[in-house]
Amino acid sequence: MNVPMLDLSEQYFNLKQDINAALEEVMSSSRFILGDNVKKLEADIASYSNVKHGVGVANGSDALHISLLGCGVEAGDEVICPAFTFFATAGAIARIGAVPVFVDIDPKTYNIDPEKIEEAVTSNTKAIIPVHLYGQMADMDQIVQIADKHNLAIVEDAAQAIGSEYKGKKPGELGTTACYSFFPTKNLGAYGDAGMVVSSDDEIAETMRVIRVHGSKPKYYHHILGYNSRLDELQAAILNVKFPHLDEWSSLRKQHAETYTKLLKEEVGEKVVTPYIEEHNNHIFHQYTIRVEKRDELQAFLKENGVASMIYYPKALHLQPVFSELGYKEGDLPETEKACDEVLSLPMFPELKKEQQEYVVETIEKFYK
């Protein structure tokens, strides 16, 4: 049996008629930039996030960058973030000329450890980026307390976490902004690049809208330095078709996660550490990530037997060559570095079949036997 990491084909065939009709409507209208589809998606995602504003941008990376600019982060400022995340989290900071300050993670959830944030705050700190990794939100209560104490912005990196909840609150409700990615592999994925920032701050939302169109307001009059980062109308049309299905897909992911956990505990036991879910969280399982010994050998064995898997992430950001001038070294963030050696994400998508999951677990069992 071959089990892919992700298969988007069945989802498309189920929605093919509606998606094709939506694309044809855009083509017929010839309204391709910031049209009605973008406006509808912005309003719907903002409402879904229980905030006032949605600002559609070109991708999730730009969502982070524009959020930081909107929050007033400038060159020389420091922004605290985890090193166990996709590069875009820190890249958005560095592109401004600000300094990423990396802190360690909670080894159970893989999210930023709030106890480490307080230690990293200096007079130059301007913002915190908590990453809601794999689909589970970070410990926002403590993060909000620290941010309030030091007058810091909170830019939530919710690229993997649309629909997740922390004590009944969604991304954007507790932070200054929250950033979504609609990259095709995400729980709500476009058919290309797309992203959005959500916020209840009127001034920041308006600033971000101006930044995404070259800093122009009104048109051809530029008071701030922006750039071109707009959510494409065709991608918005696709996302408008898919969005009503998001909660159903998230529910299926959670069911698959329960199946994986049950099978792994029954068949493999303590050799595999299954995902930890905080009791007050709604984890929407963008990824189902286990911790194992002999991770690389297991991944090779899975591949030999037709099972795809991915390592998110094999090298922590504080040890990446591009950030070498910051002076971090091995051992500085021990939990982050340990996770990089042990995590492995298994196939996860709504249409995943139980027999596929059973085969994945059987293959893991064979390896450890």
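Reader: Which residue follows α3, and what is its phi like?

Author: G72 follows α3, and its phi is positive, near 90 degrees. Keep in mind that this is a predicted model.

Reader: And what sits at the start of α3?

Author: There, a side-chain oxygen of N59 comes to within 3.1 Å of the backbone nitrogen of S61.

Reader: Is α3 mostly covered or mostly open?

Author: Mostly covered. Of its 11 residues, numbered 60-70, 9 are buried. Among them are G60, D62, L64, H65 and L68.

Reader: Switching to strands. How many residues of β8 are buried?

Author: In β8, residues 195-199, 5 of the 5 are buried, so the strand is largely enclosed by the rest of the structure.

Reader: Which way do the β8 residues point?

Author: G195, V197 and S199 point one way, while M196 and V198 point the other way; all are buried.

Reader: What does β8 pair with?

Author: One partner is β1, residues 53-57, antiparallel over 5 bridges. Another is β7, residues 177-181, also antiparallel, over 4 bridges.

Reader: Which residues stand opposite each other there?

Author: On the β1 side, V55 has V197 as its bridge partner. On the β7 side, Y180 stands opposite M196.

Reader: Now the sheet with β12. What is the strand order?

Author: The order is β9-β11-β12, an open sheet of 3 strands with antiparallel pairing. β9 (272-273) and β12 stand at the edges with a single partner strand each, so one side of each has no neighbour in the sheet.

Reader: How many bridges join β11 to β12?

Author: There are 4 bridges between β12 and β11, the latter being residues 288-292, and the two run antiparallel. Within that pairing, R291 stands opposite V343.

Reader: Which helix packs on the sheet?

Author: Helix α11, residues 334-342, touching β11 and β12. The direction of α11 makes about 100 degrees with that of β11.

Reader: L346 is in β12 too. Buried or exposed?

Author: L346 is buried, at a relative accessible area of 0%.

Reader: What does L346 touch?

Author: Leaving aside residues up to four places away in sequence, the contacts of L346 include M5, Y260, L264, I290, L302, V360 and I364. Y288 is also one of the contacts. The C-alpha atoms of L346 and Y288 are 5.8 Å apart, with their positions 58 residues apart in sequence.

Reader: Different topic. How many salt bridges are there?

Author: The structure holds 16 salt bridges. One of them joins E10 and K353, with the closest N and O atoms 3.1 Å apart.

Reader: Where do E10 and K353 lie?

Author: E10 is in helix α1 (residues 9-29), and K353 is in the loop between β12 (343-346) and α12 (354-368). The pair therefore ties together parts that are 343 residues apart in sequence. E10 counts as partly exposed at 34% relative accessibility, and K353 counts as partly exposed at 34%.

Reader: What about D332?

Author: D332 forms a salt bridge with K329, where the closest N and O atoms are 3.2 Å apart. D332 is partly exposed at 30% relative accessibility, whereas K329 is exposed at 53%.

Reader: And what is the partner of E365?

Author: K369, at 3.3 Å from N to O. E365 is buried, with a relative accessible area of 17%, but K369 is exposed, with 79%. Elsewhere, salt bridges that share partners join E206, R209 and K217 into one network.

Reader: Last topic, aromatics. How many pairs?

Author: The count comes to 15 aromatic pairs. Y48 and F243 have ring centres 5.3 Å apart and planes at 85 degrees, so that pair is edge-to-face.

Reader: Where in the chain are Y48 and F243?

Author: Y48 is in helix α2, residues 36-48, and F243 is in the loop between α8 (233-242) and α9 (246-267). The pair links distant parts of the chain, 195 residues apart.

Reader: Are those two buried or exposed?

Author: Y48 is buried, with a relative accessible area of 12%. F243 is buried as well, with 14%.

Reader: Which residues form an aromatic cluster?

Author: F84, Y110, Y134, Y312 and Y313 form one cluster.

Terms used. Residues are numbered from 1 along each chain as its sequence is written. This is a predicted model: local features need pLDDT of at least 70, side-chain atom pairs count only at pLDDT 80 or more; totals for chains, interfaces and linings use all residues. Side-chain values use heavy atoms; hydrogens and water are left out. A salt bridge is a side-chain nitrogen of Lys or Arg within 4 Å of a carboxyl oxygen of Asp or Glu. Buried means under 20% relative accessible area, exposed over 50%, partly exposed in between (1.4 Å probe, protein chains only). Two strands pair if DSSP finds at least two bridges between them. A polar contact is a pair of N or O atoms within 3.5 Å; within protein, one must be able to donate a hydrogen and the other to accept it, and residues adjacent in sequence count only if both atoms are side-chain atoms. Contact means heavy atoms within 4.5 Å. Axes are lines fitted to C-alpha atoms, for helices over the stretch in contact, and angles run from 0 to 180 degrees between N-to-C directions. Rings of Phe, Tyr and Trp (its six-membered ring) pair if their centres lie within 6.5 Å; planes under 30 degrees apart count as stacked, over 60 as edge-to-face and the rest as tilted.
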